[in-house]
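User: I'm new to reading protein models. Could you walk me through how helices and strands sit against each other?

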Amino acid sequence: MPSGEYDPETVEQKWQDRWVADDTYDYEGGAVDPNTVFAIDSPPPTVSGSLHWGHVYGFTLQDFVARFNRMRGKDVFFPFGYDDNGIASERLTESELGVRHQEYERHEFQEMCRDVCQEYEADFTEKMQNLGISIDWDQTYRTIAPRVQRISQLSFIDLYEQGREYRKRAPTIWCPECQTAISQVETEDDERGSHFHDIEFAVVDGDETFTISTTRPELLPACVAVFVHPDDDANRHLVGEEAEIPLFGQRVPIIEDERVDMETGSGIVMCCTFGDQTDIEWYQAHGLDLRLAIDESGTMTEVAGEYEGLSAEEAREAIVEDLDDGGYLLDRWEISHVVQVHERCGTGIEFLVTEQWYIKLLDKKEEYLRAGREMDWYPEKMFTRYKNWIEGLQWGWSISRQRSSGIPFPVWYCDGCDTELVADREQLPVDPLSDDPPVDSCPDCGHDEFVPEDDVFDTWATSSLTPLVNTDWDWDPEAEEMVVGREELYPMDLRPQGHDIISFWLFHTVVKCYEHTGEVPFDQVMINGMVLDENREKMSKSKGNVVSPDEVLDQFPVDAARYWAAGSAVGDDLPYKVTGLRAGERLMRKLWNASKLVDSLTPEERLERPELREIDRWLLAELDAHVEYVTEQFENRAFSKARDDLRSFFWHTFCDDYLEIAKQRLRDEDDPSAAYALQTAHRRFVKLFAPYLAHITEELWNDMYEGGSVHRTDWPEPLGLEADLEAGETAMAVVGALRKYKTDHQLPLNADLDTVLVYGDVEGFEDDVRRVMHVETLETSSEEPPVESVVTGVDLDYSVVGPEYGSQVSDIEAAIEDGEYDVVDGELHVAGVELDAEMFEIEEERRYAGEGVMVEADDTVVIVRN
Ligand SMILES: [Zn+2]
Ligand SMILES: [Zn+2]
């Protein structure tokens, strides 16, 4: 039985260990009817550092869903993955060991990554278990594992055969720091300081000049054309001429194009290969020359002449200096503008022409949009982000990366004719760097030398397959097709994730799964917001406002943190609030103490339902209504609404009102009806709180009831008891008022009261009220009570009235004292002045005109005649 103070430190650790040891959250499997399964495609954290708020918050919300559905009788599949195959893990390894991947032979570096990741993963597992997340630890995967490599390579081959993939030498988004191609989704906007330069260009024939404004003068050697807008009356006459590039001397055509932004600078712009997306469009649309001035490492090439070998930054300074010396630099001023950077390292991206593998996206934008609409979104507004991303897509998905530790492409090229050769499916996983191609000679030209593809897959090319990894998607050699192994799990019920990776993870998962299975991979998507600081600001190291999850969990019970995590609507950001955690602790204390009381008042064995007294029937009927409401909110993923409703009903109605009544009744005499209602309600509360307060409810359940895990019991269904809810609420309020009356008058709670008159409806509850509060005669009246409001004074707000009226204040006070004032249209007319509404408050008192003492209970007037 629960006793003493609740000790979360010991209790939480005990249950966390027990849950893992007992496989409490095992997915049973083998279901025939997929509707009895609830499958969650939980996000595999990128192994790039330690646990942060995004994980804690996101996984806690998922855990609410998992626990709720488990208690609703579903076989819950709640797996855990580690995303450890990509650039993030490589960078972690590099920084952890102080190395660069280029310095090592590939396999050696991969080993190093694996070792570093393993340590982080062990730490991750422990932390997730310490949060009490109800994951089935038998269902784990690592994206670098051979099984997942096989699935990822199978995906590549499947899309290749469907004609959805192609290899192309084309302008590519490139990170000079990571030295790899990256995709559009991996870039982000960053506000950076820079300079605008007005540079004078000469028209080749004649002596005319014009000005071009640019932030990137180091791209002058890469300039291949100059563009003018067709509506630009001032400059249109230049179209058809040639311009000469200052310092570098190349001559380029002046062309008209509607994509010129006439609002920026002089309205004339240069096109360099490549400064931005528009440059690429112009290059393709007008068949321009290719002049690459910057290489893979961000260094100037021979195209840059004497600036060759400088970094782009160095070249910029040197070129500006020389432009100035040559009289070409007309002006230079500081600006702050948005640049595109690599989201992993913050380096400004470049555009290079390289050979990469792509997955087609642009031809099916509509289809992917429709697929997104097929899923239920919690909250619905997040669909807009998915939609906006698709509508803004400009590139196919570049999936090849020039990195060391990733999943290899299962591809070789014929050294004679460059024919692409993909591995046999039976062979997978393969590494073309060490494995042989599936043929001895090229089927096209007969050549027998092959070049292995040494690029690796983009991380997201694999993590976008998690629904297929979780459901054992594989090649069936007999049927000669790809099949989902655990059919009952696919499509999965829920994809939970953060809003920051809708474009990365969700979109790419929809694309891949849709192409592979023809189906949308999820029924529902649940998107969580971020944890902000107490002032609703983003936490960041530079602002010094970071509170780490470890710190918080050192100070507070996990259950308190779980309670707080249910404080925002799904999708909204959650501010870190000590008050929110303390509220969780208070609720835990209340639950613990109420449980001790219930335990002392009720027998150990499960009670049969006796003939119920009206008030007990009422309590259980009220609880029914809350069970229905809370269940509905859980279904809608409205965890904060469910939590607040449950807390308030438990705290006020059950603990403050009903429990006091029941205590009195059970101490006075044997009362099977009260005992049954108390036990039944309490059992239900423990279950209803279980998804939130996973540990304390488990402790109570095991202390007081059948044992086993509360998380494996059934979620309460309404009992279907009928009662007049409103009359019961009034009766409860009356009892509360009479209790207060006795306390105020220093009477013992079992003191007799002669007559009590209730202005309100307590029909059916009269006996209960009388018995509980020891009332001789209880009368009720449906008439209006003879109560009037009497103005007793005026309360001035001196912080406003003082400065405004100064020496007049004493006159105002005297007039109020004498009752010489009027309230007209919300203004106080007094002592010849008029006070605005915010300067005063009218004090009123309600007085009962008849015999007896009035006590008020909510909206009901109760008169005690003693
Ligand atoms: Zn980078
Ligand atoms: Zn060949």
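Analyst: Sure, and keep in mind that this model is predicted. Let's start with two helices: α15 passes α17 in a left-handed crossing.

User: How do I describe a pair like that, and what are the values for α15 and α17?

Analyst: The general idea is that two packed helices are described by the angle between their axes and the distance between the axes. Here, the axes of α15 (residues 578-601) and α17 (residues 639-668) cross at roughly 25 degrees and come within 11 Å. Angles under 35 degrees count as roughly parallel, so α15 and α17 are roughly parallel to each other.

User: Which residues make the contact between α15 and α17?

Analyst: On the α15 side, they include L587, L591 and L597. From α17, F650, W651 and F654 are among them. Sorted by class, the contact has 12 nonpolar and 6 charged residues, with no polar ones.

User: Now strands. Do β9 and β10 run parallel or antiparallel to β11?

Analyst: For strands, look at the direction and at which residues pair up. β9 (residues 223-228) runs parallel to β11 (residues 251-256), with 3 bridges joining them, and V226 stands opposite I254. β10 (residues 242-244) pairs with β11 in the antiparallel sense, over 3 bridges. There, A243 has V252 as its bridge partner.

User: How many residues lie between the strands of the hairpins β10-β11 and β35-β36?

Analyst: Between β10 and β11 there are 6 residues, and L247 in that turn has a positive phi of about 70 degrees. Between β35 and β36 there are 2 residues, and D858 in the turn has a positive phi of about 50 degrees. β35 and β36 run antiparallel, joined by 5 bridges, and A857 has T860 of β36 as its bridge partner.

Notes
Residues numbered from 1 in each chain as written. Chains lettered and ligands numbered in written order. Predicted model: local features only at pLDDT ≥ 70, side-chain atom pairs only at ≥ 80, totals over all residues. Heavy atoms only, no water. Pairing = 2+ DSSP bridges. Helix = DSSP H or I, 4+ residues; strand = E, 2+ residues; numbered from the N terminus. Axes fitted to C-alpha atoms, helices over the stretch in contact; angles between N-to-C directions. Parallel < 35°, antiparallel > 145°, perpendicular 65-115°, else oblique. Left-handed = near helix turned anticlockwise from the far one by under 90°. Contact = heavy atoms within 4.5 Å. Nonpolar A, V, L, I, M, F, W, Y, C, P; charged D, E, K, R; others polar.
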